[in-house]
Structures are given as structure tokens and as C-alpha cells.
Amino acid sequence: MTWNEDSGTVSRAFDDWKWNDRENRAFLRLSAQWSDKAYQQTWDEAEESFAARFDPDRHYGDEHLDVFEDAVDGLWPHSYTWITEASVVKNAVTAFEVYLEKALQEALGSSLTMESKKHTIRLAAPPKFESPGWKTLVTAHKVLGTEVETDEVTRARELRHLLTHQNGELRSEDALARFRDLDADRGQDEIHRARIGGKVPLGVPRVLTILDSLAAVIRTADAPAWAMCWSPAGRERWSEVMTKLYEQKCIVVEAV
């Protein structure tokens, strides 16, 4: 028996991630469908409301814009779309990191017996944190046989950091060069293109590319992680892998 996504021969961590990935893609798609309809309805209602009280002696003719803005509390369609896309990127990167942790813990198990004594196994984590740091995740998966810190993953994590800690604001020429995406800029008006002081352009194609790149790494990483836990050949490597992880300070082994 070998790893096979189509037959469901995958880790439990992979199943959890795949469900989250499906939700992310559905959220991106359905939010666009529903918001387009809702915004159009609100726009039509604003025009009808203003037309009913239009007075050529008092009005300029575009006051329905103010009616619309009040109805949506200032959240114009472009901003709604950007917030939706940013939330999908942040959630996807976080789900990627959660998968890496859960796959490792599943592969290692929670206990072992040494010298007739039971010991617990856990991934090493910084003080006061339950989850391991990024370096530990990368190192541990490399021991299992997968490079998870690809260029695409690095860019996705850097973008997540920008979205989380700077609300997507491009504050320097360096940030502009690192995060500009010509495809995302294409079709945008001047104010919404990548510029210092503005927010990083996203767009559905860019978001889906990020999701696909993370998914590709997870599919590569899950085969050796699954094998460690569920295949005889993988279990034969368990002691060797455990020793390497311990030497790399990726795990903590404690007597119960």
C-alpha cells in the first residue's frame, strides 16, 4: 500500500487540510457571487431612493453615491473584495503551517517505551507556546524527506506577514519590488495599483496561485509523513528518524 490521494490513503492531517482548502476556495468563489448581487441591489435601491426625491433646483444628480456609501457603511466593492482575498491568503498560509505540525505529530506518535519506561514525544516549541516554530517544522520535514520551505512558500508567508502586521500596506520601495504582481496590477485603476502607501494588489488569480503552490508542497510532504505512521517500510525508519529529530532538537522526549 502506498500514499494515494484518490483512494484516501493519506494522513489524517492531510484530510483536515484538504477540507480547509476546500472551504477557502468556496469562500473565495461564493463571496464574489453573493457580494456582486448584494452590491448591485444596494446600488439600484440607492438610485431609486434618490430618484424619488430628486429636485433639479437642489441636487446635482450624483447624490445617490452618498446614499449608496451610507448603505454599505463606506465598504465599497473593491475594498470588500480585497478583504475577502486577504483573509483567504492568511487562512491558507496558517492552515499550511498547521498541517506541517499535525502531520509530524501523527508520524511520530505520542509515546514510546525506552528501558521499560514510557516516554512522551512532542515537537519542540518555544517557551509558553504549544506549537513549534517555523525552523523546527522545516527541519523536521527535511528529516522525513521533504523540503517545505520552497520559494513559493517563502513568498506566501512573507505576504501573509504583510497582510497581518501591516494590513497589506506597501511602505517602501523594497516592499513594492518584493510584493508587486504585474498580473494583479493589470486592469486596476491608478489608485488601486501597487504603490508606496497603497495596499498590495491581490486578485483571485494571485490568491489561487498561492493556494495551489501550498497544496503542491503539502501533497509532496504527506507521502513520507503518512508512510512513517501507516506503512511497514516507513515504520522501519521510525527509530532512525526519531534519532535524527532528537539530534536536530526538533522533538522533546520526556519520561511519564
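Me: Before I read the order of elements here, what counts as a helix or a strand?
Reply: Helices are DSSP runs of H or I with at least four residues, strands are runs of E with at least two, and both are numbered from the N terminus. This is a predicted model, and its chain has 10 helices and 3 strands. Starting at the N terminus, the order reads α-α-α-β-β-α-α-α-α-α-α-α-β.

Me: How do I read the overall shape, and what radius of gyration does the chain have?
Reply: Set the value against a compact globule. For 256 residues that would be near 18 Å, whereas this chain comes out at 25 Å. The C-alpha trace tells you the extents too: about 95 × 40 × 35 Å along the principal axes.

Me: And what share of the residues is buried?
Reply: Buried means under 20% relative accessible area. By that cut-off, 38% of the 256 residues qualify. On the outside, the accessible surface is about 15200 Å², with carbon and sulfur atoms holding 51% of it.

Me: What about contacts between residues far apart in sequence?
Reply: Look at contacts with a separation of 6 or more: 69% of those in the chain join residues 24 or more positions apart.

Me: How many cavities of 30 Å³ or more are there, and which residues line the largest?
Reply: There is 1, with about 40 Å³ of space in it. Its lining is W17, N20, D21, N24, A92, A95, L211 and L214, which by class gives 5 nonpolar, 2 polar and 1 charged.

Me: Which helix gives the most to that lining?
Reply: Helix 1, with 4 residues. Helix 1 (12–52), helix 3 (77–108) and helix 8 (204–230) each contribute at least two.

Definitions and conventions
Residues numbered from 1 in each chain as written. Predicted model: local features only at pLDDT ≥ 70, side-chain atom pairs only at ≥ 80, totals over all residues. Heavy atoms only, no water. 1 Å grid on protein atoms, 1.4 Å probe; cavity = no way out; pocket = protein on both sides within 12 Å on 5 of 7 lines; lining within 4 Å. Points joined across faces, edges and corners; volume = space filled by probe spheres on them. Nonpolar A, V, L, I, M, F, W, Y, C, P; charged D, E, K, R; others polar. Rg over C-alpha atoms; globule rule 2.2 N^0.38 Å. Buried < 20%, exposed > 50% of the residue type's maximum accessible area, 1.4 Å probe, protein only. Contact = heavy atoms within 4.5 Å. Areas by Shrake-Rupley, 256 points an atom, 1.4 Å probe, with all protein chains shown as cover.
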